[in-house]
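Here are a few exercises to work through with the model open beside you. Try each task before you read its solution.

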Amino acid sequence: MVTIGNAHDDLIHDAVLDYYGKRLATASSDKTIKIFDIEGTQEYKLAETLVGHEGPVWQVAWAHPKFGSILATCSYDGKALIWKEQPETQQWSIIAEHKVHQASVNSVSWAPHELGAVLLCTSSDGKVSVVDFKEDGTTSHVIFDAHAIGVNSASWAPINTSGKDSQNERRFVTCGSDNLAKIWKFDSSSNTYVEEAKLEGHTDWVRDVCWSPSVLIRSYIATASQDRTVLIWSQDNTGKWQKQPLTSEKFPDVCWRASWSLSGNILAVSGGDNKISLWRENLQGKWESAGEVDQ
């Protein structure tokens, strides 16, 4: 296990490994992003400190390696920045600035690579924006109102490569300070995103939402809320989304983040009690503890 001490001068809000697990990008309230080379299980070294944001950096997201070494970051300063490493010099630089939001940009996530280089941003201004980075170097974006009070997080639907839905539809789920999660689908006729479903069940801000990355028997969405609950959503035979509480009792503190394993069968939940708990579905369709991660 790699432990990196004294990485930043302030709180660390996010830490994400790249596609190959060779590099770690971290985001902090000290307004910087740091990139570490991970060598083996014990060794790491600071490769680069990226400076460009004017406020706390909330999240980092690696693009798929087919697009090169590219990182998206978002900050309280209302911007999302796109960074690229030049392979010859291994120097990082900002190749794009996304400045359409009027408040903090709270999350950034790249679409499944089959859809191209497409970045999804959520903001406290209540809006969501989707940016297309085209191969000729130009960009285009769509921005729309998603949640009153603010949008906290978003997650792309996985690409279903089999069956009737194989036309690479753009769909994602967002969550907000209006206690809701919403599913959005791209409508080519109006060139914007339309609300496909509203997921109602929380009684406080929904802090995080995560769509299971693999299409198992059914599609799962997890929502984590300040109401100290995590809800698991799945579609019934009619296509309607049904909710199931992850636990019968509330969590001891606020639920901040929810994250699926790549295979989609383990859910990790982190909360205000500084613990990370793991959960899996049993054969009866109930969710049971799969252990805790000690900090």
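**Exercise 1.** Is Lys127 buried, partly exposed or exposed? Find its salt-bridge partner and place both residues in the fold.

*Solution.* Keep in mind that this is a predicted model.
- Step 1: start with accessibility. Lys127 has a relative accessible area of 28%. Buried needs under 20% and exposed needs over 50%, so Lys127 comes out as partly exposed.
- Step 2: look for an acid. Asp145 forms a salt bridge with Lys127, and their closest N and O atoms are 3.3 Å apart.
- Step 3: place the pair. Asp145 sits in strand E12 (residues 139-145) and Lys127 in strand E11 (residues 127-133), so the bridge links distant parts of the chain, 18 residues apart.
- Step 4: check the partner. At a relative accessible area of 57%, Asp145 is exposed.

**Exercise 2.** Which residues are linked with Lys79 in a network of salt bridges? Work out how the Lys79 pair with Glu97 is placed.

*Solution.*
- Step 1: collect the members. The network links Glu54, Lys79, Glu97 and Lys99.
- Step 2: zoom in on one pair. Lys79 and Glu97 form a salt bridge with the closest N and O atoms 4.0 Å apart.
- Step 3: locate the ends. Lys79 is in the loop between strand E6 (70-75) and strand E7 (80-85), while Glu97 belongs to strand E8 (residues 92-98). The two are 18 residues apart.
- Step 4: compare the surroundings. Lys79 is buried at 11% relative accessible area, whereas Glu97 is partly exposed at 43%.
- Step 5: zoom out. Searching the whole structure turns up 13 salt bridges.

**Exercise 3.** Which strands hold Asp208 and Arg257? Describe their link, then their exposure.

*Solution.*
- Step 1: the link is a salt bridge, with the closest N and O atoms 3.4 Å apart.
- Step 2: Asp208 lies in strand E17 (residues 206-211) and Arg257 in strand E21 (residues 255-260), 49 residues apart.
- Step 3: Asp208 is buried, with 6% relative accessible area, and Arg257 is partly exposed, with 33%.

**Exercise 4.** Which elements give two or more residues to the largest nonpolar core? Then follow the contacts of one member, Phe144.

*Solution.*
- Step 1: find the hubs. This core has 16 residues, and those touching the most other members are Leu120, Val128, Val130, Phe144, Trp156, Phe172 and Tyr193.
- Step 2: trace the sources. Two or more residues come from each of strand E10 (117-123), E11, E12 and strand E13 (151-156). E13 supplies the largest share, three residues.
- Step 3: follow Phe144. Ignoring neighbours within four places in sequence, its contacts include Val128, Phe172 and Tyr193, along with Gly126 and Lys127.
- Step 4: look elsewhere. Another core, of 15 residues, lies apart from this one, and Phe251, Cys255, Ala258 and Trp287 are among its members.
- Step 5: set this in context. In soluble globular proteins, nonpolar side chains tend to be buried together.

**Exercise 5.** Where is Arg170, and what does its side chain make a polar contact with?

*Solution.*
- Step 1: Arg170 is in the loop between E13 and strand E14 (171-176).
- Step 2: with a relative accessible area of 17%, Arg170 is buried.
- Step 3: its side chain makes a polar contact with the side chain of Tyr193, at 3.2 Å.
- Step 4: leaving out residues up to four places away in sequence, Arg170 also touches others, including Val130, Asp132, Trp156 and Trp184.

Note on methods
Residues numbered from 1 in each chain as written. Predicted model: local features only at pLDDT ≥ 70, side-chain atom pairs only at ≥ 80, totals over all residues. Heavy atoms only, no water. Salt bridge = Lys/Arg side-chain N within 4 Å of Asp/Glu carboxyl O. Helix = DSSP H or I, 4+ residues; strand = E, 2+ residues; numbered from the N terminus. Buried < 20%, exposed > 50% of the residue type's maximum accessible area, 1.4 Å probe, protein only. Core = buried A, V, L, I, M, F, W, Y, C linked by side-chain atoms within 4.5 Å. Contact = heavy atoms within 4.5 Å. Polar contact = N/O pair within 3.5 Å; in protein donor to acceptor, adjacent residues only side chain to side chain.
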